[in-house]
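Biologist: I'm new to this, so please explain your labels as we go. Can we look at the structure together?

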Amino acid sequence: MTRSEPCTGCGWAPGLGEMWPSLGKLAVRWIQENLIFPEGDTFGQPFRCRPDQKLFLYRWYEHCKNCGQWRYDEGVRGAATGDGKTTFIAALALLEFAGPPQIAPVSPLIDIAAASFEQADELFGKAGQMIGGRDDEITEAPLCGFFAVYEKRIQFRDGRPGEIRRVAAVAGTNEGGLPHLFICDEVHEWGDVGSNKARVHTVISKSTNKRNTQRGCGRVLNLSTAGFDKNHSLLGAMYKRGLRALRDPSIAPRLLFDWQEAPDGLDYDNPADRAIAVKAGSAAAGVLWNVADRVGDWGKPSFPRHEWLRYYANKWVDVTDDSWLKDHPNAWDACAGDATVPERADVVVAIDMALRRDSVAVLVAWRRPDGRIAVKSKVWMPADGKIDHLQVVDYIRHDLASTYTVVEITYDPRFFEVPSRMLEDEGFNMVEFPQSVERMTPACGQALEVILDGGVVHDGDPDLASHVKAAALRPNERGFTLSKGKSKSKIDACITLVIALWRILAPDPEEEQSAEPWAAWV
């Protein structure tokens, strides 16, 4: 048993085996005595918290026994779609607005935000219904008549200070104020760190630090289902930080990370494993919806598998909705294995070069005795907007040439013409591969088949995985090519993979003689 991290306000910490004091019981009682369920099958009925929701309230309202400061000033709650997150947090917002003085501060100010006005209105609208609606038409609500509910604001009808405000990141600005609570819904829609929408999140979050209540500074509560890209999204940054904090609370002692998701290692073609995933993704399983219905949605043409994983299992999906692997989200991971390339092995080297801003990738490919092709990749990111081509050339001529037998170096001459001449003068077999639609279409189709068949083996390199999964499919009359998707993530290593697989498995007829060492492989 370990001790908790101390209070950041005064240094107090629970003794060994002692728990933080909590106002969770008071929170649950106030919600269940004063609020009703909004629109839905249980509309108008008294609000009843599920066990997992009660646990969250008990944790969210833990406080220092000495100075009274809230233990947590930030929360991240994630679960599968249909979990009731929005309804539950709407209830929490009303508790913080009109609840007992031990919880709700004097002059409460709460910002409810989402990526769009429509999304923000969902949470805001549910809060309004719970207390009687805009014209006090919902008389089932015990608090009906006490509040003025407008399109963008909820205020006390007796003129007391305080309000709940609806905010949308799409507006690009914040109206100002000092919120004591900022609630952000569907964070996976807020884009990457540094984007315009994420900037709104930053501005409002910083405003909570300027507010000082009897329980310390203001707080931020983030809600979402899993997203598409952990490495290039605001939610992904929150998620990774939360996982680190679970292992080492000192990383973020005031973060409450509450994330429900399916465990790793499940076989989603097995209905029993899909049921496990569905139940792990949300505590609402069997309460708000039927588990068997979600299990049965797997494989429906109208419901892509990557969407099933994200919405029902609350699993992060590295492939985006426009990825060439969207219908096979686990295909690349399934190719992981021993990708060791022996010294002096005959290898193909593929290069995807850029001049500035974009990345550069060099991939080594070797066909193993079992027929699978082992691949290893190295990626260079631009420094001050530029790529040092000499570094790339030196890596090939020294690192790779001294380790392997480089049978050929295949490249697009558009950005690599001068370096290619240098390498050719040094004795390397340089093979041009212009990335035209005519050449890339069959190569991309072949690469997809090889990946799905497990014909590639890689060592789990995260950079290579990111590039492969980010590549977007661009259909044409003969098949498809690849390009950057909506996320604008780098795909250069994926392009080198496509080219290398084509050169090993299907070299151009006119170049078969120059690629003679591969003849026995084809």
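Modeller: Let's start with a definition: a residue is buried if its relative accessible area is under 20%, exposed if over 50%, and partly exposed in between (1.4 Å probe, protein chains only). The model is predicted, so local features need pLDDT of at least 70 and side-chain atom pairs count only at pLDDT 80 or more, while totals for chains, interfaces and linings use all residues. Residues are numbered from 1 along each chain as its sequence is written, and side-chain values use heavy atoms, leaving out hydrogens and water.

Biologist: Why is Glu417 called partly exposed?

Modeller: Its relative accessible area is 41%. That falls between the two cut-offs, so Glu417 gets the middle label. Arg421, at 48%, is partly exposed too.

Biologist: What makes Glu417 and Arg421 a salt bridge?

Modeller: A salt bridge needs a side-chain nitrogen of Lys or Arg within 4 Å of a carboxyl oxygen of Asp or Glu. Here the closest N and O atoms are 2.7 Å apart, so the pair passes. Side chains of opposite charge can pair when their charged atoms come close.

Biologist: Where do Glu417 and Arg421 sit in the chain?

Modeller: Both are in helix H12, 4 residues apart, about one turn of the helix. An α-helix has 3.6 residues a turn, so residues three or four places apart point the same way. As for the word "helix", helices (H or I, at least four residues) and strands (E, at least two) are DSSP runs, numbered from the N terminus.

Biologist: How many helices and strands are there?

Modeller: The chain has 15 helices and 18 strands. Buried residues account for 55% of its 522 residues.

Biologist: What makes Glu74 and Arg241 a pair that links distant parts of the chain?

Modeller: Their side chains meet in a salt bridge at 2.9 Å, N to O. Glu74 is in strand E1 and Arg241 is in helix H6 (residues 234-247), 167 residues apart. Glu74 is called buried because its relative accessible area is 18%, whereas Arg241 is partly exposed because its value is 29%.

Biologist: Which residue does Glu426 form a salt bridge with?

Modeller: Its partner is Arg397, with the closest N and O atoms 2.5 Å apart. This pair also links distant parts of the chain: Glu426 is in the loop between helix H12 (413-425) and strand E15 (430-432), Arg397 is in helix H11, and 29 residues separate them. Arg397 comes in at 18%, so it is buried; Glu426 is at 43%, so it is partly exposed. In total, the structure holds 25 salt bridges.

Biologist: How do you know that strands E1 and E10 pair?

Modeller: Two strands pair if DSSP finds at least two bridges between them. Strand E1 (residues 74-78) and E10 are joined by 5 bridges, so they qualify. They run parallel. One of the bridges has Arg77 opposite its partner in E10, Asp258. Arg77 and Asp258 also belong to a network of salt bridges with Arg50, Asp52 and Asp83.

Biologist: Why is strand E10 described as mostly covered?

Modeller: Strand E10 spans residues 255-259, and 4 of its 5 residues are buried.

Biologist: What makes Leu390, Val418 and Met422 a patch?

Modeller: Patches are made of residues with over 30% relative accessible area and no salt bridge: like charges are joined within 9 Å, nonpolar side chains (Val, Leu, Ile, Met, Phe, Trp, Tyr) within 5 Å. Leu390 has 47%, so it clears the area cut-off. Leu390 is in helix H11 (residues 389-403). Together the three residues of this nonpolar surface patch have about 270 Å² of accessible area, where areas come from the Shrake-Rupley method with a 1.4 Å probe and, for residues, only the protein chains shown count as cover.

Biologist: Why is Asn34 called buried or exposed?

Modeller: Its relative accessible area is 17%, so Asn34 is buried. Asn34 lies in helix H1 (residues 24-34). It touches Pro142 and Leu143, not counting residues up to four places away in sequence; contact means heavy atoms within 4.5 Å.

Biologist: And Val349, what label does it get?

Modeller: Val349 has a value of 0%, so it is buried. Val349 belongs to strand E11 (residues 346-352). Beyond its neighbours within four places in sequence, Val349 is in contact with several residues, including Val362, Leu400 and Ile409.
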